[in-house]
Amino acid sequence: APRSVEELRQAFTGFFSRHASFPHQALDSAPLAAPGIAGDDSLLFTAAGMAPLKDYFLGSKSPPWPYATSIQRCLRAGGKNSDLDNVGHTPRHHTFFEMLGNFSFGRFAGASPGAWPHGPYFKREACQLAWTFLTEEVGLPADRLMVTVLHGDEDTRAVWRDVIGVPDDRIRFRDRDDNFWSTGVSGGPCGPCTEIHWDLAEMTPQHLLASEGEDARWLEIWNLVFMQYVLGPEPAGRGPVRPGEFAPLAAPCVDTGMGLERLASVVQGVASNFDTDELRAICLATADLVRGDGLAGSSTSSDDLAASPLVRVIADHSRALLQLLSESILPSNIGRGYITRRIARRAVLAGRQLGLQRPFLAELLPVVARSSAAADRARLAAALPAASAIITMEERAFAEVLDRAVRTLDAHLRQPGFTGTLGAEAIFRLYDTHGLPIDTTADLCRERGIPADLDGAQALLAESRLANRQLHLAADAAGGVDSAVATAAGAGPGSGLPRLGSVLKGWA
Ligand code: ATP
Ligand code: MG
Ligand code: MG
Ligand code: MG
């Protein structure tokens, strides 16, 4: 059975592309930089395997094959499906990850029945294919799997129970929040889904099971979406659809996505995606750097250090950075490049907290290239020289921002009127105008033995986030962030322009 991440990639593609009844067309991963949809930041990047295939689901383009399979490079680091804040805090979320997928296109016209004796498949075959891959090809014990089904989707329940033989207590009904998949954007195909989860009870400490319950016990590994609707307004082949309304798709489709790193953690029997072979290599290299000149003394072993959240953040972010830079998505204050900048800055801050003062990311990028998909390695290796130069420049520039913020802070502390406690407004201003995160200010104050009104600053931050959200809503309505900023800026005094500024140049 496949074990390493690379073996899993090959097993997945092999299983679907060489399947006797449903031979899937193997597709290369599309770029991370998706064509994008105005007003929706989350769609600037490919966040799922279905994204590049959307037109085949909608029927606006004719699929050349009834089935396809891909290993799609994905990024969830901005917009509404962002996992940026999860990284390092959960064992299962990354910004950059790979999604294994198989797809069936209902619109396929069957031009070559010889090559594809069966037409497009739907619920029954999709569930059977997934179950067979997991239990036979990968060899996972069926009694550690659980499936969720949308309330009311009796067809899918019947497939799991009567066709595949999953016991009733391993089939759970969930509501639309969990088991109805949609991009949430008009024109997006959507539909009910069924998800396959892995039982972590054996490896989760009792107290976590008690305190965190179901989420700690079950690891979501595979999402099977039955595309049956389109969210209006957009023609769905059956006349116009009103905004916000669902209309049936002319031909239902199947779209599945499984996190490669999560599957690997299951197969390799480890508690975190970061302990699977490819990511672990990057974590260990990061730990070595930290031991070389960071704060952690030689008493901390590389193993312990490699498992620390900050090291995991750096490992995750360096993967995302090499991918972004390899597609020439350079750090900038707007658009996709803003995500590159934000990720780079977070990596630098994590490094600083570990005692890495000098630029260090360029030293990790070659490790990332070596610890990537075999099919992607040459492309990443070719990108290394430019990516290293750019990331080092970005680290230097951000170090200056940080140093300036620290000087401002120290000047503030020396002012005659300083009360002895750093106030909420001052902390917020450091964040808003200098880009100094509140956590960093907290650390600096701790170092200096000065109390700080962190709660007050968080409240101001929450207030400004609300303002930002309203700005984004306004931007959607007005057709772009620029016009929304112009509108907000014209709102006169007290409209909070400095805060709006942080939407454009700031980061959190
Ligand atoms: P979760 O609930 O764990 O956040 P999700 O429901 O948001 O996952 P889907 O949109 O259903 O995820 O994506 C399909 C699969 O992709 C998931 O079942 C999971 O295996 C994987 N996946 C999703 N987000 C991430 C991520 N941030 N990092 C790694 N794998 C992910
Ligand atoms: Mg999620
Ligand atoms: Mg989920
Ligand atoms: Mg899901």
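This is a short walk through one protein chain and the ligand beside it, going from the overall layout to a few single residues.

Before anything else, note that the model is predicted. The protein chain has 19 helices and 9 strands. Of its 508 residues, 43% are buried. If you take the contacts between residues at least 6 apart in sequence, 68% of them join residues at least 24 apart.

The domain assignment splits the chain into three parts. Domain 1 is made of two segments, 5-21 and 34-267. Domain 2 covers 276-413, and domain 3 covers 415-508.

Let me start with domains 2 and 3. Where they meet, 13 residues of domain 2 are in contact with 15 residues of domain 3. On the domain 2 side, the elements that give two or more residues are helix α12, residues 335-353, and helix α14, residues 377-414. The most comes from α14, with 9 residues. By class, this side of domain 2 has 7 nonpolar, 3 polar and 3 charged residues.

In helix α15, residues 424-434, the buried residues are A426, I427, F428, L430, Y431 and D432. Just after α15 comes G435, with a positive phi of about 75°.

Next, the core. The largest nonpolar core has 132 residues. Within that core, A130, V311, L321 and A347 have the most contacts. The element that gives the most to this core is β8, with 11 residues. As for A347, if we leave aside its neighbours within four places in sequence, it is in contact with V313, I314, H317, S318, L321 and L361.

Now to the strands. How much of β2 is buried? In this strand, residues 67-75, 9 of the 9 residues are buried. That holds for both faces: on one side Y67, T69, I71, R73 and L75 are buried, and on the other A68, S70, Q72 and C74.

Strand β2 pairs with β1 and with β3. With β1, residues 25-27, β2 runs parallel, and 3 bridges join the two. There, A26 stands opposite T69 of β2. With β3 the pairing is antiparallel, over 9 bridges. One of the residues to look at is S70, whose bridge partner in β3 is G101.

While we are on β3, consider M99, which sits in that strand. Why does M99 count as buried? The cut-off is 20 or more other C-beta atoms within 10 Å. M99 is buried because it has 23 of them within that distance. From M99 to R73 is 26 residues in sequence, yet the distance between their C-alpha atoms is 6.5 Å. Not counting residues up to four places away in sequence, M99 touches A48, G49, Q72, C74, G257, M258 and G259.

Two of those contacts, G257 and G259, take us to the ligand. Around ligand 1 there are 17 residues, and the ones that come nearest are D83, F97, N223, G257 and G259. The elements that give two or more residues to this shell are β3 (96-104), β8 (218-231), β9 (246-259) and α8 (260-267). Which of them gives the largest share? It is β8, with 4 residues. By class, the shell has 6 nonpolar, 5 polar and 6 charged residues.

Helix α8 deserves a moment. It is largely enclosed by the rest of the structure, because 8 of its 8 residues are buried. They are L260, E261, R262, L263, A264, S265, V266 and V267. Just after α8, G269 takes a positive phi of about 65°.

One residue of α8, E261, brings in my last example, H93. You will find H93 in the loop between β2 and β3. Is H93 buried or exposed? It has 20 other C-beta atoms within 10 Å, so it is buried. Along the chain, H93 and E261 are 168 residues apart, and their C-alpha atoms are separated by 9.2 Å. Leaving aside neighbours within four places in sequence, H93 is in contact with D83, N86 and V87. We have already met D83, as one of the residues that come nearest to ligand 1.

To close, three places to look at on the screen. One is β2, with 9 of its 9 residues buried. Another is the shell of 17 residues around ligand 1. The last is the contact between domain 2 and domain 3, where α14 gives the most on the domain 2 side.

Technical notes: Residues numbered from 1 in each chain as written. Chains lettered and ligands numbered in written order. Predicted model: local features only at pLDDT ≥ 70, side-chain atom pairs only at ≥ 80, totals over all residues. Near = placed C-beta within 6 Å. Nonpolar A, V, L, I, M, F, W, Y, C, P; charged D, E, K, R; others polar. Buried ≥ 20, exposed ≤ 12 C-beta atoms within 10 Å, placed from the backbone. Pairing = 2+ DSSP bridges. Core = buried A, V, L, I, M, F, W, Y, C linked by C-beta atoms within 7 Å. Contact = placed C-beta atoms within 7 Å. Domains from an automatic or database assignment.
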